[in-house]
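This report is for a reader meeting the structure for the first time. Please look over the sequence and the model before reading on.

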Amino acid sequence: MPATTWRTKKTMGTGTMPRVDRRVALFGIGASVLGACAGPVEVGGTKKSPRGGIGGTGIVGVVTDFGSIIVNGLRIETNAETEVTDAFGRVDAESLQIGHSLTVEAATVDGALVARRVHISHPVIGQVEQVKGRTAMVAGVPAVLESSGLGTWKRGQWVAVSGLWRGTQVIASRIDPVAKPTVSVIAGVIGQSDLGGALTVGGRSVAFGADLPGIGTFATVGGALDGDRFDPQWITPGRFFGSAGPLNDLSIEGYLEPAAKAPFFTLSGLGHSFDRDAKLAALTDKRVLFTGPYIGTFAVAEGLPLPEDQDARRGLVRRIVDGDQVSGRVQAR
């Protein structure tokens, strides 16, 4: 099922949508981790009816291995019915690479997780504006390449950055060059700045118009930099779109941050909703794999702190896949 897309009244230009070189990667999408499904919407146009529901097992994380797709210690099978997408439509399954950040909707079939939809989710796509060591500015967003992350920064190059948000910066697991770029993309939580109340995505000021996603929701925004702000040309809300039926369980990799409202925690850049009974203080400011049922909110059952180094994380995930006992799990209930 396609994501809702709201287009601004500005045209997209005469060029085609940007495409990452298919030999290395393709694009991403974002939206509320528990966001509702919706159908196409044009800004200033006619809203069409939503279709479908939210799907079986929702998985958000980084690819660590193949032999099936390995994400969050889960072995995820694909078949002819699996839809593989990026921010701009369907892509080839062969585009998937280690280090890609994914959103997966899977159903359990004969005891195995089978993906109904796999989405390559890049927090930011754009031109590298500055480089200092392992840190670069991409479309105005700071991104830090992990110590064992894949790829290199090159000033002036257009790139698609895989990884996770940590506050207003991206911890990059993979950098891929983009072929024929025409638009930058930022996928993150819509917020509001302390100075002047401007709306932001991932901390980057965005010139939103009326009738757009609300504060605290996740959206993918395509557009261009206009001085110090991001000028959107299209907006796609929603992370899960109902490909696998009713959502029962979540497996989410992310950085836990304090929040002002109960349960007083949030997953950076994901627009999630923990239930109020979650006990998460021991995991604050850590990179964590969270698992648990979805009951209208994320009833997280446990969290497993993950190594910051990607190679170390891959080793830990292999142990989980192999069924080894892994220490450090924190019970959240």
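Are E253 and R313 buried or exposed? Both residues are buried. The model they belong to is a predicted one, and the sections below go through its salt bridges, one helix residue, its aromatic pairs and its largest pocket.

## The E253 and R313 salt bridge

The side chains of E253 and R313 form a salt bridge, with 3.7 Å from N to O. This pair links distant parts of the chain, since E253 is in strand β20 and R313 is in helix α1, which covers residues 310–321. The two residues are 60 residues apart.

The pair also belongs to a network of salt bridges, in which E253 and R313 are linked with E146 and R287.

## Other salt bridges

Over the whole structure, a search finds 13 salt bridges. Side chains of opposite charge can pair when their charged atoms come close. One of the salt bridges joins D176 and R174 through their side chains, at 2.9 Å from N to O. D176 has a relative accessible area of 2%, so this residue is buried. R174 also counts as buried, because its relative accessibility is 10%.

Another salt bridge is formed by R329 and E302, whose closest N and O atoms are 2.8 Å apart. Here too the pair links distant parts of the chain: R329 is in the loop between α1 and β24 (330–331), while E302 is in strand β23, residues 302–305. In sequence, R329 and E302 are 27 residues apart. How accessible are the partners? R329 has 36% relative accessibility and therefore counts as partly exposed. E302, at 18%, counts as buried, because the cut-off for buried is under 20%.

## R314 in helix α1

Helix α1 also holds R314. With a relative accessible area of 17%, R314 is buried. Which residues does R314 contact, leaving aside its neighbours within four places in sequence? They are T64, D65 and I98.

## Aromatic pairs

The count of aromatic pairs comes to two. In one of them, F274 and F298 are stacked, with 5.6 Å from centre to centre and 20° between the planes. The pair counts as stacked because the cut-off for the angle between planes is under 30 degrees.

F274 and F298 link distant parts of the chain, 24 residues apart. F274 is in the loop between β21 and β22 (287–293), and F298 is in the loop between β22 and β23. F274 counts as buried because its relative accessibility is 4%. F298, with a relative accessible area of 1%, is buried as well. Ring pairs join F274 and F298 with F290 in a cluster.

## The largest pocket

How much space lies in the largest pocket? The value is about 610 Å³. Its lining is made up of 31 residues, and those nearest the centre of the pocket are V189, I190, G216, T266 and L267. Three elements give two or more residues each to this lining: β15 (184–192), β20 (249–258) and β21 (265–267). Of the elements, β15 gives the most, with five residues.

Sorted by class, the lining of the largest pocket has 16 polar residues, 13 nonpolar residues and two charged residues. Strand β20, which contributes to this lining, is also the strand that holds E253 of the salt bridge with R313.

Key. Residues are numbered from 1 along each chain as its sequence is written. This is a predicted model: local features need pLDDT of at least 70, side-chain atom pairs count only at pLDDT 80 or more; totals for chains, interfaces and linings use all residues. Side-chain values use heavy atoms; hydrogens and water are left out. On a 1 Å grid over the protein atoms alone, a cavity is a set of points where a 1.4 Å probe fits but cannot get out, and a pocket is an open set with protein on both sides within 12 Å along at least five of seven lines; lining residues have an atom within 4 Å of a point. Grid points are joined across faces, edges and corners, and a volume is the space filled by probe spheres set on the points. Helices (H or I, at least four residues) and strands (E, at least two) are DSSP runs, numbered from the N terminus. Ala, Val, Leu, Ile, Met, Phe, Trp, Tyr, Cys and Pro count as nonpolar, Asp, Glu, Lys and Arg as charged, and the others, Gly among them, as polar. A salt bridge is a side-chain nitrogen of Lys or Arg within 4 Å of a carboxyl oxygen of Asp or Glu. Buried means under 20% relative accessible area, exposed over 50%, partly exposed in between (1.4 Å probe, protein chains only). Contact means heavy atoms within 4.5 Å. Rings of Phe, Tyr and Trp (its six-membered ring) pair if their centres lie within 6.5 Å; planes under 30 degrees apart count as stacked, over 60 as edge-to-face and the rest as tilted.
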